[in-house]
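Here are my notes for you on this model. Have it open while you read.

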Amino acid sequence: ESEFEGDYRLEFHLAPPSLPVLDAFMGRTDPDTGRTKKIVSRWWEIGFQVLARLRFLRGTPFDFFGRHPHRRLERRLIADYEGVMNEVLAGLKPDTLDLAVQIASVPEQIRGFDSVKEAHLENARAKETELLQAFRLRTGVRVGSGEAR
């Protein structure tokens, strides 16, 4: 309230994870794009308070949002990135520093949620593959084998 003057109200524009049965029943899928339509409401604040109180469930078998394929993908991306960075750090030399920085920056290209993130991920993976091939050539590692020449 100290930041804004006058009458205002908060509205949240959210596209909760896709639930096929619910999406079909509520018509939440946009026929043109195939993406879940956003739900606009001021009442999400109550839902956020409930979710905040259930934070202790994250990472447990009761973390239902964590089972969503996109959440699983995000966890896998973290593990993949750590593996790539271990390889990059092992081959880091002054002449490979520029490529190492570019490889480390690839995740910055993965933005958005759900189908938007998947499209950016596809481009990022292609870029990462290209950069890793160049990195391996400079360090003397055969592409795909992990063995030094």
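The points below go from the core to the surface.

1. Some ground rules. This is a predicted model, where local features need pLDDT of at least 70, side-chain atom pairs count only at pLDDT 80 or more, and totals for chains, interfaces and linings use all residues. Residues are numbered from 1 along each chain as its sequence is written, and side-chain values use heavy atoms, with hydrogens and water left out.

2. Start with the largest nonpolar core (buried Ala, Val, Leu, Ile, Met, Phe, Trp, Tyr and Cys residues joined through side-chain atoms within 4.5 Å; buried is under 20% relative accessible area, exposed over 50%, partly exposed in between, with a 1.4 Å probe and protein chains only). It has 15 residues, and those touching the most other members are Val84, Val88, Ile103, Leu121, Leu131, Leu132 and Phe135. Helices α3 (69–90), α4 (97–105) and α5 (114–139) each give this core at least two residues; helices here are DSSP runs of H or I, at least four residues, numbered from the N terminus.

3. Now pick out Ile103. Leaving aside residues up to four places away in sequence, Ile103 touches Tyr81, Val84, Val88, Leu131, Leu132 and Phe135 (contact means heavy atoms within 4.5 Å).

4. How exposed are Phe4 and Tyr8? Phe4 counts as exposed because its relative accessibility is 56%, while Tyr8, at 42%, counts as partly exposed.

5. Last, find Val50. This residue sits in helix α2 (residues 44–53), and it counts as partly exposed because its relative accessibility is 44%.
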